[in-house]
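Let's take a walk through a protein model together. Have the sequence and the 3D view open, and find each part as we get to it.

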Amino acid sequence: MQPSKTSTATIADLLARPGRPLRSFEFMPPRSEEDVYRLWQATDSLVPLEPDFISVTYGANGSNRDRTLRCTRHMVASGLRTVGHLTCVSQSVAELEQAVCDYRDAGVDHILAIRGDMPGGATEPWLARPDGLANATELVRLVKRVNPQACVGVGAFPDGHPASGDLDLDARILADKARAGASFAITQLFFIPEHYTRLVARVRALGCDIPIIPGIMPITSYGQIRRFGDLSGTDVPADLVARLTRVADDRAAVREIGLEAAAQLCCRLLDEGAPGLHYYTLNRSRATTELHSMVRDRRPQLWDR
Ligand SMILES: Cc1cc2nc3c(=O)[nH]c(=O)nc-3n(C[C@H](O)[C@H](O)[C@H](O)COP(=O)(O)OP(=O)(O)OC[C@H]3O[C@@H](n4cnc5c(N)ncnc54)[C@H](O)[C@@H]3O)c2cc1C
């Protein structure tokens, strides 16, 4: 991976500067040698897009977590502003405190504080460990207590959190996370721009100005439509599903429609004032590169400032 030039400015600093929207990429820690190769290939291809930051997800068990830490250490050494995800799942307060220290020692001062899910997914009722934490708001507080220098991000849900069913409650929880010390939020993937703008409006109505960066994942295969719904409760608009269904057996056509829909979504979000675009890469670079160049070409004035 070629080192890129990263200033010491935090993501909060970047978001506070008027100017071009941020662009960032989410990666998953590699699970095998082949995965390692794919990850470095993807990062090598995406670094020329000059991401403002990259983030690395956090798994449900110890070996996954070690891989996340190793991966973030590598990214930091490569000069990338790196956000390590951290979840409350199966960890005591003492273990979470240690994880924050490990991140700090690895040079990772940006943490995405996320509750995580039970093994059955987001709709399985959450059972906090007696010696653990109940939710992401408590995790934000813990991170800030252990590493006051940390710049903390949190999750947000334009389609609503799958277990909540109450958009006002979701907005209040996001405002609580900001009060607890979070400096920015990244959303779950979504496809309906109005769902993002209504979330922003609800949060602003509570007097909370936390920047909310939309999380973007283009549909590149037909099977993803169901997976998105099952995994994250994401609403895919009926007309997009219908267009994709008409070409379901033609992979290239599905990809083209999915990328075009994602490009239109990104442009609309930027027009509505979104402070950046966070691309879910699935450790692959082609779709993200194509999508970002479509968005750049359609909104050149935003990126050339
Ligand atoms: C950007 C992003 C990155 C992610 N990265 C990862 C990852 O790396 N690893 C991973 O395992 N998962 C990850 N997830 C998935 C995440 O773990 C799940 O979406 C999880 O269900 C919610 O996490 P949260 O941080 O929003 O939790 P919380 O903010 O704690 O909310 C979870 C649920 O509890 C409810 N709740 C919270 N606080 C209160 C309260 N005070 N009163 C009443 N109800 C409350 C909320 O309504 C919601 O239904 C990510 C999600 C996002 C959006």
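What follows is a short tour of the ligand site, two strands and a few single residues.

## Before we start

Keep in mind that this is a predicted model. So treat each distance and area below as something computed from that prediction.

## Around the ligand

Which residues come closest to the ligand? Its shell has 22 residues, and the closest are His85, Asp117, Ala136, His161 and Lys177. If you sort the shell by type, you get 8 nonpolar, 10 polar and 4 charged residues.

Three of those closest residues are worth zooming in on. Alanine 136 uses its backbone: an N or O atom there sits 2.9 Å from an oxygen atom of the ligand. Histidine 161 uses its side chain instead, with an N or O atom 2.7 Å from a ligand oxygen. Lysine 177 has a polar side-chain atom 2.8 Å from an oxygen atom of the ligand. On its own, the ligand has 970 Å² of accessible area, and the protein covers 80% of that. Four elements each give two or more residues to the shell: the strands β3 (82–87), β4 (110–114) and β6 (182–189), plus the helix α6 (167–180).

## Strand β1, wrapped up on both sides

Now find strand β1, residues 22–27. Is it buried or exposed? Here 6 of the 6 residues are buried, so the strand is largely enclosed by the rest of the structure. In a regular strand, side chains alternate between the two faces of the sheet. You can follow two sets of residues here: Leu22, Ser24 and Glu26 point one way, while Arg23, Phe25 and Phe27 point the other way, and all of them are buried. Notice that Glu26 and Arg23 are on that buried list too.

What does β1 pair with? It runs parallel to strand β8 (residues 276–280), with 5 bridges between them, and leucine 22 stands opposite glycine 276 there. It also pairs in the parallel sense with strand β2 (residues 53–56), this time over 4 bridges. In that pairing, phenylalanine 27 faces valine 56. To get from β1 to β2, the chain passes through helix α2 (residues 33–46), making a right-handed β-α-β crossover.

## Strand β5, another enclosed strand

Next, look for strand β5, residues 151–156. It is largely enclosed by the rest of the structure, because 6 of its 6 residues are buried. Cys151, Gly153 and Gly155 lie on one side, with Val152, Val154 and Ala156 on the other, and both faces are covered.

β5 pairs with β4, which runs parallel to it and is joined to it by 4 bridges. One pair to look for is isoleucine 111 with its bridge partner in β5, valine 152. The chain goes from β4 through helix α5 (residues 136–146) to β5, and this β-α-β crossover is right-handed. β5 also pairs with β6 in the parallel sense, over 5 bridges. There, glycine 155 has isoleucine 186 as its bridge partner. Together, β5, α6 and β6 make a right-handed β-α-β unit. You've met α6 and β6 already: both give residues to the shell around the ligand.

## Three single residues to find

Start with threonine 72, in helix α3 (residues 62–77). Why does threonine 72 count as buried? The cut-off for buried is under 20% relative accessible area, and threonine 72 has 0% relative accessibility, so it counts. Its side chain reaches the backbone oxygen of leucine 69 at 2.8 Å.

Glutamine 91 is in the loop between β3 and α4 (93–105). At 5% relative accessibility, glutamine 91 is buried as well. Its side chain makes a polar contact with the side chain of tyrosine 58 at 3.1 Å, and it reaches the backbone oxygen of threonine 87 at 2.8 Å.

Finally, find histidine 195 in helix α7 (residues 193–205). With a relative accessible area of 13%, histidine 195 is buried too. How far is histidine 195 from aspartate 102? They are 93 residues apart in sequence and 36 Å apart in space, going from C-alpha to C-alpha.

How values were computed
Residues numbered from 1 in each chain as written. Predicted model: local features only at pLDDT ≥ 70, side-chain atom pairs only at ≥ 80, totals over all residues. Heavy atoms only, no water. Near = heavy atom within 4 Å. Polar contact = N/O pair within 3.5 Å; in protein donor to acceptor, adjacent residues only side chain to side chain. Areas by Shrake-Rupley, 256 points an atom, 1.4 Å probe, with all protein chains shown as cover. Nonpolar A, V, L, I, M, F, W, Y, C, P; charged D, E, K, R; others polar. Buried < 20%, exposed > 50% of the residue type's maximum accessible area, 1.4 Å probe, protein only. Pairing = 2+ DSSP bridges. Right-handed = clockwise from strand over helix to strand, strands pointing away.
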